[in-house]
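Student: Could you walk me through this structure and show me how each term is justified?

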Amino acid sequence: MVCRLLWSEALTHDRRIAIVGLGYVGLPVAVSFARAGANVIGFDINKTRIDELERGIDRTGEVEEGDVSHASLIYSCDPKLLKQADFFIVSVPTPIDAARRPDLRALLGASKTVGEALKPGDIVVYESTVYPGATEDECVPALEKASSLVGGKDFTVGYSPERINPGDKEHRFESIVKVVSGQDPKTLEIVSKVYGSVVTAGIYEAPTIKTAEAAKVIENTQRDLNIALVNELSLIFDRLDIDTHDVLAAAATKWNFLKFTPGLVGGHCIGVDPYYLTHKSEQVGYHPQVILSGRRVNDDMGSWIARQCVRMLMKNGTGDNPVVTVLGLTFKEDVPDLRNSRVVDILSELQRFGIKTQIHDPRVDAAEAREEYGVDIVALDDLDPADAVILAVPHREFKDAGWALIKDLLMQKTGVVLDLKNALERASTPQGIDLWRL
Ligand SMILES: NC(=O)c1ccc[n+]([C@@H]2O[C@H](COP(=O)([O-])OP(=O)(O)OC[C@H]3O[C@@H](n4cnc5c(N)ncnc54)[C@H](O)[C@@H]3O)[C@@H](O)[C@H]2O)c1
C-alpha cells in the first residue's frame, strides 16, 4: 500500500516527520505530533509492535487506549515509506553490552535505515541517550555512508534528549521542557520550531549537540549517584541498627536536604546511562572514580538484600527448605518494563543459598519474564505459603492490598517481611511479623 503524506495548514512548521523506534520514547512522540495535526510515519523494525499499534494497542501503557490511532499517523515496518519524510526523529534503544560498554548497534542500524531514505535538506534528530560526541562521531558517518550525502552540507543533524519517566502521567513529552540542539543555527531553528509545535513546557536551545548529549547523560548519572549515597547510608545504618527511612525523614526537615531513597537501580536509563559517560571519559584518558563507585554500590544492592533475608530467616529459626516469595519483577512500580530488572539479583543470590524462591508480578508478560530471565511468574493463588515475603516492587495492586496480602502469603501469617521501598505502613505491622526496610 502506498501512503501519501500531506501536511496540515494549521501547523507552525512544514516538516514531514518520521519517528524511528516506537518504544516507550518514540510512540508518545509520534502520537503527540499526530495529535497536533502533523502527518507522521511511525517506523519500527518489530513487526509485532507495528501490528499491535495498528490495532490501537500500546503494550508499554504510555499512550492511552483510543489515542494510539490517528488519521495522520501511519505505523509501518517498511523503510521505503521513510522517503516521504524530511524530518527524522530516532528513538531506538542504547543499551550496554555484557562488559558494560555502549552497545550502539540499534543506533547505527537505525542510522543506516534513515540514511537510505535521506534527501538533500533533510534533518535527523536523535533522541536516544548517548555519550557526548556520539551523534556527530558515530551517527553522521553512518548516515553519510548509507545516503552518499554529506553531513552538514546536504543534510544536517540535531540532538534532543528525551526526559520522560515511564508510568508518570504528570511529566509527559509535551509537559517537560525540551532541550534541543542542532548542527548549525538554521537546523537549530527548525528543530526548535518543530518541537515547539507540540511541547507546551518550552524549548531550551543548547549551544552544541555535545552539550545536549552530555546534559541528558548527567541527569541520570546524578540520580544514580544520589541513590548510591542513600544506598550506602542504608548499609551503614543497618549495621548501626538505625532505620534509614527514619533518618531520611528527620534530615529532610532541612531546607536543602535532597530527598532520595534507597533501592534497587534497574531499568534501561539510570543504571545504564552512567556507563555511556564513563566509557567516553575513559576514551579521553580519565578513569571516573565517583561515578563508577556509585554504580558498584547500586549494582550490589540485590545480593545484599538477599543476604539480609537469609540472616533474618536464620535469626527467626526458620526450618529447612525455606520458601521466599518475591513481589514484583519490573524495574520500577506500575510499569510492565522488565529491562535490566535488578530483582533478579535477589532471586539468584537466594538461589545460591539453596532457598526456594517464587515470584509474582501482575504487570509483566510471563513469556517475556521467562525468555529474558528464565523466571516463571506464579499466579497469586498458586503461590506456596512462604517463610519470607520480599516486597520488591510496590505496584499499586500490592500497595492497595497492603498487610492483608502480605499476611496471606506467609505461612501461618507470620514470618519475615522485607519492604524495599517503604511501601507498607510500619505502625500497622501485624503481630509475629519481623519487618525490615531498606
Ligand atoms: N524509556 C525511558 O524512560 C527513556 C527515557 C529517556 C530516554 N530514553 C532513551 O530513549 C531511547 C529509546 O528508549 P525506549 O525506552 O523507548 O526503548 P524501547 O526498547 O522501548 O523502544 C525502542 C524501539 O526501537 C525499535 N528499534 C530497535 N532497533 C531499531 C531500528 N534499527 N530501526 C527501527 N526501530 C528499531 C525497537 O523495536 C523498539 O520498539 C534509549 O536511548 C533510551 O535510553 C528512554
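Tutor: Happily; let us take the sheet, a helix and the ligand in turn. This is a predicted model, in which local features need pLDDT of at least 70, side-chain atom pairs count only at pLDDT 80 or more, and totals for chains, interfaces and linings use all residues. Residues are numbered from 1 along each chain as its sequence is written.

Student: What makes S2 and S3 paired strands?

Tutor: Strands are DSSP E runs of at least two residues, and helices are H or I runs of at least four, numbered from the N terminus. Two strands pair if DSSP finds at least two bridges between them. Strand S2 (residues 40-43) and S3 have 4 bridges in the parallel sense, so they pair. Within this pairing, valine 40 stands opposite leucine 73 in S3.

Student: Why are S3 and S8 said to stand at the edges?

Tutor: The open sheet has 8 strands in the order S3-S2-S1-S4-S5-S6-S7-S8, with mixed pairing. Strand S3 (73-76) and strand S8 (203-205) each have a single partner strand, so one side of each lacks a neighbour in the sheet.

Student: How do you know that Gly294 in H9 is buried?

Tutor: Buried means that 20 or more other C-beta atoms, placed from the backbone, lie within 10 Å of the residue's own (exposed: 12 or fewer; partly exposed: in between). In helix H9 (residues 290-299), Gly294, Arg295, Val297 and Asn298 are buried.

Student: Which residues come nearest to the ligand?

Tutor: Of the 29 residues around the ligand (C-beta atom, placed from the backbone, within 6 Å), Gly21, Gly23, Val25, Gly109 and Ser128 come nearest. Helix H3 (residues 105-117) gives the most to this shell, with 4 residues.
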